[in-house]
Amino acid sequence: LVELFQPYKERLEKDLDLLISHDDDLSKGKKSNDISNNTSKVEKSNKLDETLRQVMYCLQPAVRSGIAVFNLNSDDNLSETIFRTVCKSRQKYFERKESDQNYMSVRHETNSKPPLTTDVKRHHANSRQHVNRRDQNAQRSQLLQLAMDWNCIDVAKELILQNSLDNILNQKEAFLNALTRDLPEFVYEFIKLGIDPSKIFFENNIFFDDDTPLRPIYRYRKFLQRLYSNDAVNSHKTQLRDFIETDNVVRKHICTTDELNNVLTTLIGDYMHKLYFNSNADEIKYRASWGLIEQNVEQNQINAQNPDHHVKPNKEIVFDIIMRDLFIWAILMNHTEMAQVFLSHMKYRICAALIATKILKQYHHKTRYGDLRDNYEKNAKYFEEYAIACIKQCEKNDTDLACEIVLQRIELYGNVTCLQIAADAKDKLFIATPCCVQAMNNMWYNNIHPEQSKKRNKLAMAIGVFSFGLLAPLWVTFRDPPPIATDEKPEKSLQSYGIHYSDPYATPFHRYTKYFSINNYMHRIKNFHRALCMKYCYHWLSYCFFLLLFSYVLLFNFQPPAASVPSIHWTEILTIMLVSIMLIEEIHYFVSQDSITIPGKCKSYFRDLFKIMTLIGFILFYVGLILRFTHADDENEFVAA
């Protein structure tokens, strides 16, 4: 080696001396004395000679081909370059090992007496291949773990995975490690190559098994243990711990499905039904208590009439659920890139993206300052833009169907709608999309044609209002019913209690008379009064009438109760009746809110300042009414009351 590298020896020694001296200065902190200087010179010389021999050995032609060169001025990743070298060296090691084994086997077969038969040779060859394949798979699995430690996905795909997971031992554990280490590129590759997350978290068909006293079922035990560990929940990379209600302020946890459901209720709102259950029996019991089973059965019966609809098998249902669970977990843990991976494998992407914006905006509100707060805002905008892009693409394909998508109740996400989530999350850009605007206009006008919103058609609407709908069929334009070739009734496409403006069934049926013109006239009167815009007009007119009546009573006809029956004027009686009706309507508004719990309804109701003022007005009115009759003995007490 010395003779081979004699022309370059002096230059190699000089460069290596500079490197070794620099390392020694850094390690010793440049502190030395005279005695240690002599010792260090000898050690340095020995180290230099040893390093020089190692370098010359690596540079000789027989070994030089295995050296990987890294240029600091290039855009290549140093970790990937090192890892690629490690993988190639292991490949060469196994190739050389297999070559040596084949050589020794041939030599043994040649020298063996008596000569080995063909079956024995084949058996030996198969045994060697099996052992080599097992050793290579074990080595590949170790290299895959190293690739995840260094986050070298490109090298792993090229030299380890090679478009297959058959050569990886314990694939499920590798997938779980990729999840917990926040390696979205590895997770995407695993799913693309055939990893089914539902088989990892819901083993042995546990999702649909019935719970028994002898064999209790816990669907999400493994899911919660591996993904919602205490370290993950209390990580500084997420604000999840701020939304967990527990007595332990320092160390919070999520150990049960109820705790996870409570977190989602706090973050999103209690208008969303529970998503996580311990067993299939618990889920059926909960849905039956809220009447969700009957609604979903009716919807499935309606969808079954659609030729494009198909009943999902259990495998597809479980896959949709686990992808939803993993997406929500990724958002809660602030693994947004991981969430994007799961979002690409989901079917109901618009609602999922809007839920992500709601959670991230809640995190943004809790964070005071710093890069984490900016990241929350940035990621929330990304998912809102993603939802906008999806709904615009749907609108290009079918505008009417896109409006139904915005308004449909999605069972997978707790029976919420996209527009409901967007309104609660204040996703103004999503609500301002043409599809959402058209959907809200359709709700506002119902079976009245949306063209009536134009200024030139306002007179026709006014005529319909002041004639109490009797002239509306003659002046107002309605949605045209679909042409019917026979007398058969068309099938329902939407549920009867929902928003059914686009359902052709609700326009001409049911039939009141056998005369089509009279039947059509009566249906149009009914549809005119059922439109939200008309209900608003009647409400506005009635409120104006109430204000005028109330002002008249207070200014001109507010006298002490008389001894006759009735003791007060009929205008005052009518005023009390109108206020009571308004109170009943306010109670109806409170009960019919989207929130499904009383605390949630109270929170949603009292966060509106106008509602608080309305409630105070009702209280003052009835307090005054009570005082009016209890202190009416003489005029002085009446005036004071």
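Helices are DSSP runs of at least four residues, numbered from the N terminus. In this predicted model, Glu572 belongs to helix H27, which spans residues 570-591. Glu572 has a relative accessible area of 6% and is therefore buried, the limit for that class being under 20%. Leaving aside residues up to four places away in sequence, Glu572 is in contact with Val553, Asn557, Phe558 and Arg628.

The whole structure contains 18 salt bridges. One of them joins Glu203 to Lys222, with 3.3 Å between the closest N and O atoms. This pair connects distant parts of the chain, 19 residues apart: Glu203 sits in the loop between helix H9 (197-201) and helix H10 (221-227), and Lys222 in helix H10. Glu203 is partly exposed at 34% relative accessible area, as is Lys222 at 25%.

Within helix H18, a salt bridge links Glu377 and Lys381 (3.8 Å, N to O). These residues are 4 positions apart, so about one helical turn separates them. Glu377 is partly exposed, at 36%, and Lys381 is also partly exposed, at 47%. Elsewhere, Arg219, Glu283, Arg287 and Glu411 form one network through salt bridges with shared partners. In that network, Arg287 and Glu283 meet at 3.3 Å, N to O. Arg287 is buried at 13%, and Glu283 is buried at 14%.

The second largest pocket encloses about 1,600 Å³. Its lining comprises 49 residues, of which Ile268, Gly269, Tyr271, Asp424 and Arg607 are the closest to the centre. Helices that each supply at least two lining residues include H12 (257-267) and H18 (371-397). By class, the lining holds 20 nonpolar, 16 polar and 13 charged residues.

Note on methods. Residues numbered from 1 in each chain as written. Predicted model: local features only at pLDDT ≥ 70, side-chain atom pairs only at ≥ 80, totals over all residues. Heavy atoms only, no water. 1 Å grid on protein atoms, 1.4 Å probe; cavity = no way out; pocket = protein on both sides within 12 Å on 5 of 7 lines; lining within 4 Å. Points joined across faces, edges and corners; volume = space filled by probe spheres on them. Nonpolar A, V, L, I, M, F, W, Y, C, P; charged D, E, K, R; others polar. Buried < 20%, exposed > 50% of the residue type's maximum accessible area, 1.4 Å probe, protein only. Contact = heavy atoms within 4.5 Å. Salt bridge = Lys/Arg side-chain N within 4 Å of Asp/Glu carboxyl O.
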